Amino acid sequence: MAYKLYNAPQSTCSQRVRFVFNAKGLPFEEVKLNLLAGDQLKPEYLRLNPNGVVPTLDHDGQIVIDSTVITEYLDEIEPQGSFTPADPVRRARMRTLMHFIDEMPAAAVRVPTFNLAFLPSFQKMSREDFIAMAESKPLRREFMLTMGQSGFPKAEMDAALARLRRSYERMDVEIEKSGGPWLLGKEITLADVAVMPSLVRMHDLGLADWQDLPRVVTWFDNIRAHKAFAPTFYSGSLLSERFPHLRERAEHN
Ligand SMILES: N[C@@H](CCC(=O)N[C@@H](CS)C(=O)NCC(=O)O)C(=O)O
């Protein structure tokens, strides 16, 4: 069985899928897209993924898109080292958390990411090129136009940070309820995988606002110590490695 993953090193959604592949020890071919250059908006890619985003999985010609769907798909067809509880009630809880994660931290993290990391690249574009690029995005058109070339205003940034903070608090409650160390108890599940890249991103941006939540601190240490973590976050996967201005920012903090 051959797996081809269209993805981007720094993409949080791609990191979820790479983590599951690496944890299961499954070989996969990686096709790396340059998102700032617009590879995800080329007609040949849009035929695979009409949302114009990564990741996309090609499994022997069968196309599966959307990172949480891909991780569930992989866990179904490659059940070794399962990330899904056997008990249907716990499975339902896992999916509930995955929905929460996509709606809260995974969505909110885009605001500090774009404001702090990507904005300088967009500011170098002409107004016309920026608008044309934003309008060509099937899923993120309004997001890009709201950000514009001056970035999200402070109120929007504060709201995103507040949503992220509430997500860490929710993680803390879930870990306490389940007995930890993972969100649903003793075993790591797809819910942990789903939220992981948001915390890695915020840590990388120097905004790890969970230091007063010891259960989340331990969770973060545990996921970084997982055998799948290092191969998932290979060189170039962190924004601070790619954007020198972020390193300078971190040094000043
Ligand atoms: N719900 C989708 C979201 C995918 C997504 O937003 N991907 C981002 C990278 S993490 C992307 O490709 N962005 C490109 C763009 O905004 O043009 C998933 O989970 O796969």
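**Exercise 1. How many salt bridges does a search of the whole structure find?**

Begin with the basis of the values: this is a predicted model, in which local features need pLDDT of at least 70 and side-chain atom pairs count only at pLDDT 80 or more, while totals for chains, interfaces and linings use all residues. Residues are numbered from 1 along each chain as its sequence is written, and side-chain values use heavy atoms, with hydrogens and water left out.

Next, apply the criterion, a side-chain nitrogen of Lys or Arg within 4 Å of a carboxyl oxygen of Asp or Glu. The search of the whole structure then yields twelve salt bridges. Among them is the pair of Lys42 and Asp39, whose closest N and O atoms are 3.1 Å apart. A further case is the network of salt bridges that links Arg165, Glu169, Asp209 and Asp212.

**Exercise 2. Locate the salt bridge of Lys154 and Asp158 and that of Arg215 and Asp172, and state whether the residues are buried or exposed.**

First, Lys154 and Asp158 meet at 2.6 Å, N to O. Both lie in helix H9 (residues 154-178), four residues apart, about one turn of the helix; helices here are DSSP runs of H or I with at least four residues, strands are runs of E with at least two, and both are numbered from the N terminus.

Second, the side chains of Arg215 and Asp172 meet at 3.0 Å, N to O. This pair links distant parts of the chain, since Arg215 belongs to helix H11 (residues 214-225) and Asp172 to helix H9, 43 residues apart.

Third, consider relative accessible area (buried under 20%, exposed over 50%, partly exposed in between, with a 1.4 Å probe and protein chains only). Lys154 is exposed at 62%, whereas Asp158 is partly exposed at 36%. Arg215 is partly exposed at 35%, whereas Asp172 is buried at 12%.

**Exercise 3. Describe the order of the four strands in the open sheet, and find which strands stand at its edges.**

Start with pairing, which requires that DSSP finds at least two bridges between two strands. The four strands form an open sheet in the order S2-S1-S3-S4, with mixed pairing. Strand S2 (29-32) and strand S4 (62-65) stand at the edges, because each has a single partner strand, so one side of each is left without a neighbour in the sheet.

Finally, inspect one pair: strand S3 (residues 56-59) and S4 run antiparallel and are joined by four bridges, and Thr56 has Ile65 in S4 as its bridge partner.
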